[in-house]
Amino acid sequence: MKQKIEETIEHIEHSDQISQEIKPAVIEKLKEWKEEENAINDVAVRLEQWWAEIEPIFAELGWV
């Protein structure tokens, strides 16, 4: 999972779809989570919660 977090960090760093203003905060949090064993589970839970919130928006737009 730590490798996946590192890959995610690299993707975020090179992404044009994520604003430059929030990139540093997101990357910093991911780096913190990578170092904490329990935090890896937190990442999955938070991403699931985030998707549950935005999935209806994407569905409404016809993107899912």
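How much area does the protein expose, and what share of it do carbon and sulfur atoms supply? In this predicted model, the protein exposes about 5300 Å². Carbon and sulfur atoms supply 52% of that area. The C-alpha trace spans about 35 × 25 × 20 Å along its principal axes.

The fold is built from helices. Three helices and zero strands are found. Read from the N terminus, the order of elements is α-α-α. Helix α1 covers residues 2–14 and helix α2 covers residues 23–35. Helix α3 takes in residues 39–61. Among contacts with a separation of 6 or more, 30% join residues 24 or more positions apart.

The interior was examined next. Of the 64 residues in the protein, 20% are buried. The largest nonpolar core holds seven residues: Ile5, Ile9, Ile12, Ile27, Leu30, Trp33 and Val43. Two elements, α1 and α2, each give two or more residues to this core. A general trend gives context: in soluble globular proteins, nonpolar side chains tend to be buried together.

Nonpolar side chains also appear on the surface. A nonpolar patch is formed there by Leu47, Trp50, Trp51, Ile57, Leu61, Trp63 and Val64. Together these residues have about 810 Å² of accessible area. One of them, Trp50, lies in helix α3. Its relative accessible area is 48%, so Trp50 counts as partly exposed. The cut-off for exposed is over 50%, and the cut-off for buried is under 20%.

Charged side chains were then searched for pairs. The whole structure yields one salt bridge. In this bridge, the side chains of Glu32 and Lys29 meet at 3.4 Å, N to O. Both residues belong to helix α2. Because they are three residues apart in that helix, about one helical turn separates them. Glu32 is partly exposed, with a relative accessible area of 33%. Lys29 is partly exposed as well, at 35%.

Another lysine, Lys31, is also found in helix α2. The relative accessible area of Lys31 is 44%, which makes this residue partly exposed. Lys31 and Gln3 are 28 residues apart in sequence. In space, their C-alpha atoms are 11 Å apart.

Helix α1 offers a second pair for such a comparison of sequence and space. Thr8 lies in this helix. At 36% relative accessibility, Thr8 counts as partly exposed. Thr8 and Ser19 are 11 residues apart in sequence. Their C-alpha atoms are 15 Å apart in space.

The loop between α1 and α2 was considered last. Ser15 is found in this loop. Is Ser15 buried or exposed? The relative accessibility of Ser15 is 9%, so the residue counts as buried. This value falls under the 20% cut-off for buried residues. The side chain of Ser15 also makes a link to the backbone. That side chain reaches the backbone nitrogen of Gln17 at 3.0 Å.

In short, the predicted model has three helices and a largest nonpolar core of seven residues. A nonpolar patch lies on the surface, and one salt bridge is found in the whole structure.

Definitions and conventions. Residues are numbered from 1 along each chain as its sequence is written. This is a predicted model: local features need pLDDT of at least 70, side-chain atom pairs count only at pLDDT 80 or more; totals for chains, interfaces and linings use all residues. Side-chain values use heavy atoms; hydrogens and water are left out. Patches are made of residues with over 30% relative accessible area and no salt bridge: like charges are joined within 9 Å, nonpolar side chains (Val, Leu, Ile, Met, Phe, Trp, Tyr) within 5 Å. Accessible areas come from the Shrake-Rupley method with a 1.4 Å probe; for residues, only the protein chains shown count as cover. A salt bridge is a side-chain nitrogen of Lys or Arg within 4 Å of a carboxyl oxygen of Asp or Glu. Helices (H or I, at least four residues) and strands (E, at least two) are DSSP runs, numbered from the N terminus. Buried means under 20% relative accessible area, exposed over 50%, partly exposed in between (1.4 Å probe, protein chains only). A nonpolar core is a set of buried Ala, Val, Leu, Ile, Met, Phe, Trp, Tyr and Cys residues joined through side-chain atoms within 4.5 Å. A polar contact is a pair of N or O atoms within 3.5 Å; within protein, one must be able to donate a hydrogen and the other to accept it, and residues adjacent in sequence count only if both atoms are side-chain atoms. Contact means heavy atoms within 4.5 Å.
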